[in-house]
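Trainee: I am new to this structure and would like a close look at a single part rather than a quick tour of everything. Please choose one part, take me through it slowly, and then show me what surrounds it.

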Amino acid sequence: IGRLCVIGKGRGTRRNSLEKQSMQVSHILQIKGRDIIGVADSATLAEAASVLAEHHIGAVMIQDSGGALAGIFSERDLVRAVAEDGPLALSRSIANYMSCQVTTCRESDQVEEIMEMMTNGRFRHVPVLDERHRLVGVISIGDVVKTRIAETENEAHYLRDYISAAI
């Protein structure tokens with residue numbers, strides 16, 4: 001039995017036009033790449049768990065037969081499934097356990113907004129969709145934090161240079 005899935009864009013926060021613009025999601029994808037690790041919605045939990053372990057990742061994208069994003073399956077979903085149904089869960093379809101309420105983002109979204117969205121929503125992976133709603137990448141909270149740290153370090157560097165030039 002499949003589950004009704006809702007794939008939707010996260011709610012961004014409106015920013016004051018005077019605020020500094022932060023890096024965009026596209027910058028993260030340029031650095032980390034656009035590889036998408038996914039499984040078909042017909043895969044079993046055991047198959048998805050093997051993919052997670054093989055690739056040392058925390059989530060896989062679930063794609064339907066046409067390649068469209070159908071959901072996401074994370075380590076948390078795996079633990080929840082085994083806790084609910086025991087070892088039998090491993091032989092069942094991932095469609096029974098995947099997260100269907102998937103919040104997505106676009107490459108033009110600001111990293112700072114995505115960090116806030118991930119923190120508030122308590123999830124660690126966000127699929128990136130293009131203008132035609134095709135899956136073009138995935139970012140994790142680790143990618144977002146790394147980008148924000150680099151951004152902060154750059155700001156500190158520029159401020160030190162500015163202060164040094166003023167003295």
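Mentor: Let us begin with a word that we shall need throughout: a residue is called buried when its relative accessible area is under 20%, exposed when that value is over 50%, and partly exposed in between. The model before you is a predicted one, and by this measure 36% of the 167 residues of its chain count as buried. The accessible surface of the chain comes to about 10200 Å², and carbon and sulfur atoms make up 54% of it. The chain holds five helices and seven strands, which follow one another from the N terminus in the order β-α-β-α-β-β-α-β-α-β-β-α. Among the contacts whose partners are separated by 6 or more positions, 62% join residues that are 24 or more positions apart.

The part I would choose is helix α3, which spans residues 75–85 and has Asp 77, Leu 78 and Ala 81 as its buried residues. These three lie on the same side of α3, because the arc they cover around the axis is only 100°. On the face turned away from that buried side, α3 carries Val 79 and Ala 83, both of which are exposed. As you follow the helix to its end, you come to Gly 86, which comes after α3 and has a positive phi, near 65°.

What, then, covers the buried residues of α3? The cover includes helix α2, residues 45–55, and strand β4, residues 69–74, and each of these deserves a look of its own.

In α2 the buried residues are Leu 45, Ala 48, Val 51 and Leu 52. They too share one side of their helix, since they cover an arc of only 120° around the axis of α2. Ala 53 and Glu 54, by contrast, are exposed on the other side of α2. The cover over the buried residues of α2 includes α3 itself, together with β2 (38–40), β3 and β4, so that α2 and α3 each appear in the cover of the other, as the contacts within 4.5 Å define it.

Just after α2 comes His 56, which sits in the loop leading to β3, residues 59–63. Its phi is near 55°, a positive value in a residue that is not glycine. To see why this deserves a second glance, remember that most residues other than glycine have a negative phi. His 56 is also exposed, with a relative accessible area of 73%. A comparable case can be found further along the chain, where Arg 122, again not a glycine, has a positive phi of about 60°. Arg 122 belongs to the loop between α4 (111–121) and β6 (125–129), and with a relative accessible area of 66% it is exposed.

Turning to β4, we find Ser 74 in this strand. Ser 74 counts as buried because its relative accessibility is 13%, and the cut-off for that word is under 20%. Apart from its neighbours within four places in sequence, Ser 74 is in contact with Leu 52, Gly 58 and Ala 59; of these, Leu 52 has already appeared among the buried residues of α2.

Ser 74 also brings us to the largest pocket, as it is one of the residues nearest the centre of that pocket, along with Ile 72, Ser 99, Phe 123 and Arg 124. The lining of this pocket is made up of 16 residues, and the pocket has a volume of about 310 Å³. Our helix takes part here as well, for α3, β4, β5 (101–106) and β6 each supply at least two residues of the lining. Sorted by class, the lining contains five nonpolar, six polar and five charged residues.

A second largest pocket, with about 210 Å³ of space, is lined by 14 residues, among which Lys 32, Asp 35, Ile 37, Ile 57 and Val 138 lie nearest its centre. Two or more residues of this lining come from each of β3 and β7 (135–140), and β7 gives the most, with three. Here the lining divides into seven nonpolar, four polar and three charged residues.

To return to where we started, keep in mind the two faces of α3: Asp 77, Leu 78 and Ala 81 are its buried residues, while Val 79 and Ala 83 are exposed on the face turned away from them.

Methods. Residues are numbered from 1 along each chain as its sequence is written. This is a predicted model: local features need pLDDT of at least 70, side-chain atom pairs count only at pLDDT 80 or more; totals for chains, interfaces and linings use all residues. Side-chain values use heavy atoms; hydrogens and water are left out. Buried means under 20% relative accessible area, exposed over 50%, partly exposed in between (1.4 Å probe, protein chains only). Helices (H or I, at least four residues) and strands (E, at least two) are DSSP runs, numbered from the N terminus. The arc is that of the directions from the helix axis to the C-beta atoms. Accessible areas come from the Shrake-Rupley method with a 1.4 Å probe; for residues, only the protein chains shown count as cover. On a 1 Å grid over the protein atoms alone, a cavity is a set of points where a 1.4 Å probe fits but cannot get out, and a pocket is an open set with protein on both sides within 12 Å along at least five of seven lines; lining residues have an atom within 4 Å of a point. Grid points are joined across faces, edges and corners, and a volume is the space filled by probe spheres set on the points. Ala, Val, Leu, Ile, Met, Phe, Trp, Tyr, Cys and Pro count as nonpolar, Asp, Glu, Lys and Arg as charged, and the others, Gly among them, as polar.
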